[in-house]
Amino acid sequence: MSHAASTHPVLDPRIAPPFPQAALPMLRNPQLRKNVGHAIDVIQAKRARLVAEKTDWQELRTAAAAIRTHALENLGAYLEQFEANCTAAGGTVHWAADASEARRIILHLLRQENATEVVKIKTMTSAEIQLNPFLEAAGVRTYETDLAEIILQLGEGEPSHIVVPALHVNRSQVREIFARRMGLKDLSDDPQALTNAARTYLRQKFLTVPTAISGANFLVAETGTVAVVESEGNGRMCLTLPRTMITLAGIEKVLPRFQDLEVMLQLLARSATGERMNPYNSLWTGVTPGDGPQRFHVVLLDNGRSSILSSPKQRQTLKCIRCAACMNACPVYRQTGGHAYGSVYPGPIGAILTPQLMEMHHAQSLPFASSLCGACYEVCPVKINIPEVLLELRAQVTDQERKHFSRFFDPMYLGLRIANLLFARAWIFHTAQWFGRIGLGPFTRKDGWIHSLPSVGGKWTQTRDLRGLPSQNFHEWWAARRKEAK
Amino acid sequence: MRASLFITCYNDTLFPETGRAVVHLLERLGVELDFKPKQTCCGQMHANTGFRGEAFSQAKRFIRLYQDSETVVVPSSSCVAMMRDQYPGLIAELGNEELRKQYGALLPRVFELSEFLIDRLGVEDVGAYFPHRVTYHASCHGVRALHLGDRPWRLMAKVRGLDLAAVNNADRCCGFGGTFSVKNAEVSSAMLTAKLQDVLATGAEFCTALDNSCLMHLGGAMHREYAGMKTIHLAQILASTEDSLAEVDL
């Protein structure tokens with residue numbers, strides 16, 4: 001662990017290295033590759049089994065896509081409806097335009113409670129706004145209660161997956177972190193022993209910390225209800241013992257009707273963890289006297305979402321219900337894990353969501369971090385056409401970059417501009433093929449293969465050979481054959 | 001039956017043997033084939049790299065060039081996927097109503113090779129002979145964009161002498177992805193290594209596919225690593241007969 005700090009991943013899109021560069025240490029890390037591959041195989045196999053048993057899976061996807069699209073197209077109205085119903089039930093709704101406003105609102109609410117400590121239900125949205133370091137700096141200790149989040153918090157790690165944030169960490173690494181941070185020298189790596197250690201650690205927090213922060217899987221406009229699903233029951237503890245609950249939710253999380261949960265919960269559990277139903281489905285509406293938190297706040301976070309909503313082609317990104325099926329299916333994520341994406345949102349959804357949340361000012365390597373294989377779109381329970389959005393974002397990045405003079409002689413840009421000239425006229429294309437044969441001649445070995453190329457070509461030949469150009473192109477063969485026939 | 005062959009830019013340049021095989025195969029099946037010498041590229045490379053204007057020029061060129069063809073056959077699944085999935089967006093953004101109509105009229109007549117054989121000609125047994133152990137790489141665009149389904153397997157099942165070896169994780173990408181293979185060369189290589197492990201484990205002599213771009217990637221690594229397996233486009237297997245064996249250097 002001693003040298004871990006030097007390779008500590010940066011999950012802030014504004015300063016993270018570009019994807020190809022950030023991926024390198026991940027590709028060279030056999031432990032990480034094995035942990036990620038194993039965890040994904042387990043989840044994928046469970047998911048495949050449970051999806052196969054639903055004969056109406058495609059209909060469910062169609063329904064979910066329609067519900068989410070409708071909610072987004074009428075987002076303002078549904079958010080106001082949610083606010084009205086939540087307020088009527090005793091909650092207080094706050095609106096945060098960006099991350100810094102959300103952090104300030106939450107700190108202000110904690111100060112009102114005189115809180116110096118807070119327990120947290122797993123929420124990626126709080127990681128998006130970098131809430132924990134902000135609160136710690138302001139003197140509020142944060143205690144994650146989701147097992148994976150505890151592992152990361154105690155091990156000073158970063159999430160690499162949105163559903164299973166410590167997916168890259170294996171059992172023996174968990175043992176080491178718990179033993180070191182909980183002072184349990186004789187802890188074994190038996191899952192039962194590790195769970196017991198976490199439980200003992202958590203119980204004390206649940207019983208002593210009166211303030212909690214959660215995210216939200218869904219907000220229901222019709223009833224003002226907040227929904228959180230989880231596997232461990234630690235979220236349920238945060239929803240019963242503390243006096244005050246502050247929920248942070250992206251504005252896109254809203255569903256029109258309570259009944260819509262029927263569709264969403266079936267898809268979410270199967271897509272995310274390969275379960276028929278999440279073990280804990282917590283729904284709460286405002287405040288219930290004598291039961292659970294007696295003060296309840298919802299912070300609705302925009303943080304770039306409105307600008308995504310304003311683009312018809314990109315809007316579908318916000319349909320996401322954070323199931324992570326896309327990253328589990330992604331052959332790129334499988335090799336790199338999540339940290340290479342430089343964001344708390346990794347994988348295919350992260351590759352489209354992160355640059356958009358940054359309003360296309362940062363994370364511009366992410367839309368290119370995909371082979372466009374389409375596996376993400378195939379599994380997405382709300383039918384986000386991720387490849388389509390990737391292409392849209394690629395076009396935007398290219399449009400921005402190609403204006404810069406420094407890009408003029410960039411081999412990739414130059415090559416693509418030249419290729420465009422060649423493809424405009426067949427005779428130019430054919431002349432270029434002829435010159436290509438001459439030009440590649442010196443690089444072509446006797447066996448007809450190219451083993452090494454300069455510049456961009458070298459990126460190919462660093463791991464792959466390239467067959468040399470044939471002495472006769474197809475169109476030449478065709479022309480010769482026609483001539484012969486006459 | 002008349003058909004126009006769109007060979008694609010990279011097949012013309014790098015894999016003329018695939019084009020020759022398509023010609024021999026389809027002529028054997030009685031198709032009257034023509035080849036438009038003005039053809040170049042479908043625009044996929046530009047579209048996938050964010051060069052939308054350039055991609056549109058090539059899309060427009062393709063549509064205009066083939067609008068009078070009875071049918072168009074394309075031995076490259078990713079190029080057909082480009083035409084089906086990306087042309088509409090490009091035309092909506094940069095084209096006009098006339099082009100949209102021409103595209104709408106042309107599209108149902110554009111076929112990927114296995115679609116053309118099975119859906120248009122209605123043949124599964126093309127009379128081929130290829131006495132080798134072969135594994136099939138189901139390219140991403142063939143599986144998820146064109147939904148080719150069991151078409152390739154139905155064609156291969158009828159090839160005399162062919163010993164078909166199933167590959168694990170058949171629908172997983174080989175890591176090519178066009179410019180992805182150089183923009184993210186290391187990640188692409190890691191994906192390729194994983195794919196190659198599954199492909200080589202089949203013990204096949206040949207790895208075939210309906211897209212030479214994946215095969216260029218897999219074949220490039222096989223050659224680099226002296227892997228003892230070669231790549232071959234399915235058209236070349238289907239063109240191969242007892243009298244005229246496939247163009248492979250054994």
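Here is a short conversation about a predicted model with chains A and B.

Visitor: What is the mean pLDDT of chain A?
Guide: This is a predicted model, where local features need pLDDT of at least 70, side-chain atom pairs count only at pLDDT 80 or more, and totals for chains, interfaces and linings use all residues. Residues are numbered from 1 along each chain as its sequence is written, and chains are lettered from A and ligands numbered from 1 in the order in which they are written. The pLDDT is the predictor's confidence in each residue, from 0 to 100. In chain A, 99% of residues reach 70 or more, and the mean is 95.

Visitor: Where in chain A is the pLDDT below 50?
Guide: Look for a stretch that, beyond near neighbours in sequence, has one contact in the model. A contact means C-beta atoms, placed from the backbone, within 7 Å. The stretch is residues 1–6.

Visitor: Which residues of H5(A) are buried?
Guide: Helices (H or I, at least four residues) and strands (E, at least two) are DSSP runs, numbered from the N terminus. Buried means that 20 or more other C-beta atoms lie within 10 Å of a residue's own, exposed means 12 or fewer, and partly exposed is in between, with C-beta atoms placed from the backbone. In H5(A), the buried ones are Ala102(A), Arg103(A), Ile106(A) and Leu110(A).

Visitor: Why do the buried residues of H5(A) line one face of the helix?
Guide: An α-helix has 3.6 residues a turn, so residues three or four places apart point the same way. The arc is that of the directions from the helix axis to the C-beta atoms. Seen down the axis of H5(A), the buried residues line one face because they fall within an arc of 100°.

Visitor: Which exposed residues does the other face of H5(A) carry?
Guide: That face is turned away from the buried side of H5(A). The exposed residues there are His108(A), Arg111(A) and Gln112(A).

Visitor: Which helix of chain B packs against the buried residues of H1(A)?
Guide: Phe19(A), Ala23(A) and Met26(A) are buried in H1(A). They cover an arc of only 50° around the axis, which puts them on the same side of H1(A). Chain A packs H2 and H15 against them, and chain B adds H11.

Visitor: How many residues does H11(B) give to the side of chain B that touches chain A?
Guide: In total, 53 residues of chain B are in contact with 49 residues of chain A. H11(B) gives the largest share of that side of chain B, eight residues.

Notes
Contact = placed C-beta atoms within 7 Å.
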